[in-house]
Each structure stands twice: as C-alpha cells, then as structure tokens.
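Dear colleague,

Please find below the structure that I am handing over to you. My notes on it follow directly after.

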Amino acid sequence: MKLKQRVVLLAILLVIFIFTKVFLIDNLDTSAANREDQRAFHRMMTGLRVELAPKLDHTLQSPWEIAAQWVVPREVYPEETPELGAIMHAMATKKIIKADVGYKGTQLKALLILEGGQKVVFKPKRYSRDYVVEGEPYAGYDRHNAEVAAFHLDRILGFRRAPLVVGRFVNLRTEIKPVATEQLLSTFLTVGNNTCFYGKCYYCRETEPACADGDTMEGSVTLWLPDVWPLQKHRHPWGRTYREGKLARWEYDESYCDAVKKTSPYDSGPRLLDIIDTAVFDYLIGNADRHHYESFQDDEGASMLILLDNAKSFGNPSLDERSILAPLYQCCIIRVSTWNRLNYLKNGVLKSALKSAMAHDPISPVLSDPHLDAVDQRLLSVLVTVKQCTDQFGMDTVLVEDRMPLSHL
C-alpha cells in the first residue's frame, strides 16, 4: 500500500475513532446515581407483571400488616415487593364484613371493611372501556379502571406514591347488602333487572345511580393508608379558581413559578419537585382535576405528595391538555431520576410496560388500545417540553439531582 493511501486510511480510522469516542462519552452515563436509576428501571421491568397469589410465602404476617409497614414518608410501597401479588389478591377476594357510604367528596364511592379489619375504597364501574367522556378534562364520573391504571403507572415511573389499587367484582345482593349500613342501604334501588346504588356524596343523585350487571358490579378497590399516617390537604399552587371567567395567577403571570419558590413548603425540600413529577403523571393519564393534594401531617415539607384520587383520567384518548404541564414548563426543573425514567420509557416501552403490568388484574383489559397509545403520545410531549427547557437554560439548571439540597431553587 502506498504511503498516501496509508495516510488516508489512518485519517479515516482516526475520524471513526473520534466519533465513536464522542458518541460513547455522550451516551455513557458515568454518574453513579444515574447508573442506579437504570438498575432500578430494569428491576422494575423484571418484576412488572404482578400475578395475584392466594397466599404469602415465608411470613406469618397478614397482607394488611405488610402493606402498613411499607408506608414511610417518601413512599407508599418499596421498590421490591415480592408480597404485592398476595396483598392485591387479598384486596380482590377477602370477605367484605362491612359496607358504608364513602368518605366525603364529589364522587360516588363506598367504604368497605375486609376480613382482618382492612379498609378499602370501592369505586364502581360507570363507563365501558371504549366510552369517550366529552367536554372538559374533569367532566363525567370517576373511572374505576383509571385508578387501576394510574397505580401501575406510578410503579412504572418509580414514584411509589399511589396507594395500592386492584380491580374487583362484587355481588351487591350477597356481599354488600347484608353488611351495609342503613345509610348506604337506603341508596339501593333496582333498575330493570340490575341492582344499583347512588351513595352519599356532593354529586350523588338518585337519578344517576351506578348499576351492576344483574347483581355483579365491576369496580376498583384502593387500599386505605394506615391511620398512624394522618393526611393533610393542600391547595395545589397550579389549581384552577372555580370562578367563571376568572383566571388563576399561573394562567397569566409568566414569573409565577418564581413566586411559588419563595413560598413554604416550596422554598426548600422536595415538594416543588413532587409537584413537577405529579404534573408529568397527571398529563400522562389525562387528569386535569388535581386542584388539591395530600401529604402526611406535620412533615415540614418532607413528606411526598401522595397520588390519591386518580379516577378523573383516561376519559378521552384525544385529550391533550397542555395546561396540566404548566408547573414543568413554567419552572423548567425536573428530577434527574424522573427524566431518566421517562427516557427509558419512550419508543413504545411505556405502552408495553402498562399492558404487561395490568395483564393479571381481575378486570383486565384495564385500558383500551387508544388510551394506551395516547399515553405514549403524551410522553413525547413531556420529553419535548424538557428539551425546550434544557435548550433555554442548560442541562445543569433544569435537571436537579434528587439527593442534593433544594433550597437553592
């Protein structure tokens, strides 16, 4: 080979080497925290499918005791949960020993006590899977299947801030009426050949009951958080005003996030990043109804934002309510772990993960394909929003390490 040819070949090899090196440096995450995020994602994917098992192995504790011990200030359940299938099986099958009207609120629900003394919230089926709820994002009844799907999305995103939820079929005549309180029993009626009830709540009406298929009603049950962890309710800083024609400050003030950062509990600690996480979560499920939120009491801002009441979601797969993402695009910050997880879930991985996670639920299929496709499409919008922030302010400003002090915000 001539000298000139050798020089050209070496030059080509050098260019290839440089580009390879740059590519590897650009794509290889050398951060120990990010490597742990990736390992956590793979562990989650490995344990994604939860088969409902009839008994607990290697423990003398009840499923209710195990679930109660899981709860700590920053998570409702741990990353690795070999007992999860047994706990959800108990939620879906344990004998109902008492039934009452649900706790106060706007939507129909029932409070059930299961064998062993565990409280769960039962939300009845109101719509078929392919029904599209028209109107505002918060229109219509609660969707029981949305609670199930939201819980599994919480697992997939690695937040672990939603109480456990599973689908359940109940026989209103044989399981509920014999143990129902007078208050709940007084709301039962028969429509055609179907047993129905309308409960007690702000919007509950005798003219709008939830009806079983005959006596059998499909619904979801949400595990009640332990009473040793009392909840505190907060006004969401990006909530709506509830007044006709009146805008909330965040809807017109471009510097609104700066004001939020100076207000407790958002001026330090993890709460503002929790708000951002929740905005991403709510946007993915299509929930524009989180105008209040709960944390644990007396936490001085250290408690997680608990993802309760996620049923005003998955109503319309065409919904693309970008205002839900207002905390993200106005503050332009996001946890590194959340950003990493979102990137792992692109290119159809999120849809596949959700289908796999919900495959063994008693009311499977939990979501229709249009809703699953919509989640994947909304994920792309979240990624684009973060990219716009990083283009404007830089990665170091936008991506916040989870473990660092947050008073600098």
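Helices H2 and H11 are oblique to each other (angles under 35 degrees count as roughly parallel, over 145 as roughly antiparallel, 65 to 115 as roughly perpendicular and the rest as oblique). Please note that this is a predicted model, in which local features need pLDDT of at least 70 and side-chain atom pairs count only at pLDDT 80 or more, while totals for chains, interfaces and linings use all residues. Residues are numbered from 1 along each chain as its sequence is written, and side-chain values use heavy atoms, with hydrogens and water left out. Helices (H or I, at least four residues) and strands (E, at least two) are DSSP runs, numbered from the N terminus.

The axes of H2 (residues 32-46) and H11 (residues 336-344) come within 10 Å and cross at roughly 50°; these axes are lines fitted to C-alpha atoms over the stretch in contact, with angles running from 0 to 180 degrees between N-to-C directions. The crossing is right-handed, that is, the near helix is turned clockwise from the far one by less than a right angle. On the H2 side, Asn34, Asp37, Gln38, Ala40, Phe41 and Met44 make contact (heavy atoms within 4.5 Å) with Val336, Ser337, Asn340, Arg341 and Tyr344 of H11.

A second site is helix H3 (residues 63-70), whose buried residues (under 20% relative accessible area, with a 1.4 Å probe and protein chains only) are Pro63, Trp64, Ile66, Ala67 and Trp70. Seen down the axis of H3, these residues fall within an arc of 160° (taken from the directions from the helix axis to the C-beta atoms), so they line one face of the helix. Their cover includes helix H4 (84-93) and strands E2 (110-114), E3 (118-124) and E8 (216-223).

Some backbone features also deserve mention. Most residues other than glycine have a negative phi, and most peptide bonds are trans. A cis peptide bond, with omega about 5°, joins Ser264 and Pro265, and Pro265 lies in the loop between helices H8 (256-260) and H9 (271-285). Another cis peptide bond joins Ser364 and Pro365, with omega about 0°; Pro365 belongs to the loop between helices H12 (349-358) and H13 (369-393).

Arg160, in the loop between helix H5 (144-157) and strand E4 (165-171), has a positive phi of about 60° although it is not a glycine. Arg160 counts as buried because its relative accessibility is 19%. Phe314 likewise has a positive phi, of about 50°, and is buried at 5% relative accessibility.

Yours sincerely

Technical notes:
Buried < 20%, exposed > 50% of the residue type's maximum accessible area, 1.4 Å probe, protein only.
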